[in-house]
Amino acid sequence: MNTYQESISQTEIERDTTDMLIGNSFVGFLMTIFAFSGLVFFFESDSPSTFANKLQIWGVMVCVSLLRLIDALYWRTNLAGKAYNPRPALIRFSTGLYVTGCIWALYSVLFYSSMTTVELAATMVVLAAMSGGAGTVLSPNIKLVGFYSTALLVPMSLCALIDASGKFFILGVLGLVFWFGIFASAFRYHRFFISTLHLKAKNNSLMEQMRIERSETVKVNKLLIASNEKLDASNANLEAEVERRTADLYRLSNRDPLTNLLNRNGFLKHLNNLIDTTRALDNSLALLFIDLDGFKQVNDSLGHKVGDIVLAEIANRLRNYTEENHLGRWGGDEFVAVIPYANVDTAKAVAHAMRSGVTIPIIANDNQVTLDATIGIAMFPVHGDSAVDLIQQADLTMYDQKRKQRGSIGVFNETLHNEIKREQRLCERLRLAIENSEFTVFYQPIIDVTTNSLSSVEALLRWNCDGENISPAVFIPLAERSGLMPEIGAWVLNRALIDLSHWQFKPGLAMSINVSVAQLLDDSFFKVLDNALSTTKISPERLYLEITESVFAIDKDLVTKRVSELVARDVKISIDDFGTGYSSLNRLQSMPFNFIKIDRSFIQNSSEESDTIIRATLLMAKEFGCKTIAEGIETEQQRQHLSQLGTDYLQGFYFARPMNANDLISWYNENY
């Protein structure tokens with residue numbers, strides 16, 4: 001019985017499709033004749049032979065249209081509203097449509113070169129209008145709408161694109177864009193139409209089933225025993241149908257409304273089922289976590305409406321690389337995809353294909369949007385045994401790839417997992433480092449070359465976390481990415497100035513403190529600085545703030561303004577790691593500073609090229625009227641060499657390693 005009902009439903013669907021196509025075609029036939037006649041007779045031909053050729057094609061078009069009209073009238077008179085075999089009528093309609101489309105294509109190609117500008121534009125408008133109407137009328141059959149819209153728009157658009165004069169290039173582009181839009185819309189209409197017909201067929205089947213069951217109920221009322229048995233069976237069938245409908249609603253609730261992809265909940269359930277199947281078959285699968293690069297700027301600059309269009313288009317493109325229900329929207333501009341029976345190479349190939357699809361420009365509300373994608377890959381069962389684990393590993397990999405290089409693809413590994421877990425733990429501990437008294441400021445002496453005496457000390461932050469000394473090269477970038485640098489920098493500034501105020505060293509000893517870009521640009525920095533100087537009673541001239549060359553990559557006017565405010569307070573400015581970053585003569589000329597620190601890489605590399613750079617730096621410093629500090633001095637030979645070159649101050653392990661405040665006092669007492 002179920003097989004019979006399904007065959008009836010399929011026949012009804014085909015009949016409804018044929019009814020929609022032929023029933024809505026009468027106006028189309030007339031419009032075809034009128035539009036073709038207008039193009040042939042309204043515009044003058046450049047020669048009698050051209051007009052004769054047009055007239056011949058017009059005659060063929062009229063004959064074909066009349067034959068199609070007669071066939072449609074036959075259908076309306078004898079078949080419409082009845083139960084009939086729709087296949088012959090559909091074949092006749094499709095044949096007529098194919099012939100009509102070919103005639104349109106032949107006309108646009110044959111007479112393109114003889115058309116005037118106005119005639120060409122009018123022809124393109126007519127073709128676009130006919131194609132647009134067909135996109136809706138023919139949407140029940142996607143093959144027909146695809147052929148007809150292509151036959152009307154693509155040939156003439158291509159003629160305009162390859163036209164040697166180039167006058168109608170934009171018209172060709174617009175024609176292809178309009179063709180693509182019609183095609184995309186037709187797909188949506190087609191899906192909606194087919195879904196509607198299926199629902200209609202299912203409802204008819206249910207109504208018929210209910211009618212039969214009611215009839216059976218009437219009969220079994222006369223026979224009590226039989227009635228009870230059939231009633232139970234009927235109730236069981238109805239409950240099964242309700243459960244099936246409930247399951248349908250449940251599936252719909254697991255869809256993302258914008259992209260029609262599985263949402264987070266739906267994808268997790270589907271992925272768990274795939275994992276169970278894959279585990280049972282002792283196979284593998286790949287989980288891809290896809291994050292769009294540049295989408296936030298689209299939302300911020302063009303608005304969320306354009307952003308929604310872009311997301312829907314990206315979802316459609318990503319569908320091309322996955323099976324049904326193997327792609328989901330994780331949230332925002334993040335997507336997840338599962339590739340069954342895949343190894344690492346297969347997963348990488350699919351990921352590269354997806355990225356290539358994403359990078360194709362998108363036209364959204366007359367805006368061209370170009371995005372990229374960063375993709376992380378995790379493999380089952382190697383990298384995780386559950387859906388949550390796989391998604392987390394792929395997400396971590398994507399995040400690490402985005403941090404290293406946007407628009408790249410990476411595969412999860414245990415080293416990466418441990419690094420990221422360690423980084424997360426350190427970030428969490430870093431937020432409490434000041435509160436837990438885990439920070440210590442170490443100091444390294446800076447020696448005056450002329451007097452061989454202590455000139456200043458550099459404050460260097462050290463972090464001991466659970467007995468482990470964390471390198472500044474590790475925790476300083478973490479602090480900057482976590483937005484903690486202004487708070488940590490303020491603590492270092494206060495701690496160093498407090499220590500300086502307590503030392504009984506030579507008068508005028510200066511303190512050199514590193515200032516990050518985040519600190520310098522933080523609105524509260526100058527308030528912190530003023531409070532620290534005021535509280536410790538340290539003269540501003542004794543404070544040297546070291547700014548790395550990376551600050552030159554920031555907006556020139558803003559940085560110059562901030563540095564000028566420091567100079568106005570009589571604070572000294574030192575450019576750190578000179579020669580390794582972004583500085584230029586033009587920037588140096590506009591930036592007030594007092595010291596240039598020659599990076600240790602030039603000191604350690606005892607080559608003629610390094611000496612040339614050092615001499616050039618010394619000459620530059622002299623021209624700018626500032627002093628030079630060479631860091632990284634580790635041997636007597638380096639000390640003598642830099643002294644002979646004319647460096648003003650030296651710093652390095654040769655004199656002393658960084659030490660805490662108590663050790664610095666002892667060192668000073670022993671040496672001075």
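These are my notebook entries on cavities, aromatic rings and one glutamine in this structure. I'm working from a predicted model.

**Cavities**

I searched the whole structure for cavities of 30 Å³ or more and got two. I then looked at the second largest, which has a volume of about 40 Å³. Which residues line it? I listed Ile22, Phe29, Arg68, Asp71, Ala72, Arg92 and Phe93. Helix H3 (48–78) and helix H4 (86–110) are the elements that give two or more residues to this lining. H3 gives the most, with three residues. By type, I noted four nonpolar, no polar and three charged residues in the lining.

Two of the lining residues, Arg68 and Phe93, turned up again when I checked charges over rings. The charged end of Arg68 sits over the ring of Phe93, 5.3 Å from the ring's centre.

**Aromatic pairs**

How many aromatic pairs does a search of the whole structure find? I got 21. I looked at Tyr107 with Phe111, a tilted pair at 5.1 Å centre to centre and 55 degrees between the planes. Buried or exposed? Tyr107 is buried, and Phe111 is buried as well. Phe111 also has a charge over its ring: the charged end of Lys54 sits there, 5.6 Å from the centre.

Next I took Phe439 and Trp491. Why does this pair count as tilted? The ring centres are 5.9 Å apart and the planes are at 45 degrees, and tilted covers angles that are neither under 30 nor over 60 degrees. Phe439 belongs to strand E8 (residues 439–448) and Trp491 to helix H16 (residues 485–502), so this pair ties together parts that are 52 residues apart in sequence. I checked accessibility for both partners. Phe439 has a relative accessible area of 6% and is buried. Trp491, with a relative accessible area of 25%, is partly exposed; the cut-off for buried is under 20%.

I also wrote down a cluster: ring pairs link Tyr443, Trp503, Phe505, Trp667, Tyr668 and Tyr672.

**Gln401**

My last entry is on Gln401, which I placed in helix H13 (residues 387–404). Why does Gln401 count as buried? Its relative accessibility is 15%, and buried means under 20%. What does Gln401 touch, not counting residues up to four places away in sequence? I noted Thr374, Ile375, Arg406, Ser408, Ile409 and Gly410.

Definitions and conventions
Residues are numbered from 1 along each chain as its sequence is written. This is a predicted model: local features need pLDDT of at least 70, side-chain atom pairs count only at pLDDT 80 or more; totals for chains, interfaces and linings use all residues. Side-chain values use heavy atoms; hydrogens and water are left out. Helices (H or I, at least four residues) and strands (E, at least two) are DSSP runs, numbered from the N terminus. Buried means under 20% relative accessible area, exposed over 50%, partly exposed in between (1.4 Å probe, protein chains only). Contact means heavy atoms within 4.5 Å. On a 1 Å grid over the protein atoms alone, a cavity is a set of points where a 1.4 Å probe fits but cannot get out, and a pocket is an open set with protein on both sides within 12 Å along at least five of seven lines; lining residues have an atom within 4 Å of a point. Grid points are joined across faces, edges and corners, and a volume is the space filled by probe spheres set on the points. Ala, Val, Leu, Ile, Met, Phe, Trp, Tyr, Cys and Pro count as nonpolar, Asp, Glu, Lys and Arg as charged, and the others, Gly among them, as polar. Rings of Phe, Tyr and Trp (its six-membered ring) pair if their centres lie within 6.5 Å; planes under 30 degrees apart count as stacked, over 60 as edge-to-face and the rest as tilted. A charge sits over a ring if NZ of Lys or CZ of Arg is within 6 Å of the ring centre and within 35 degrees of the ring normal.
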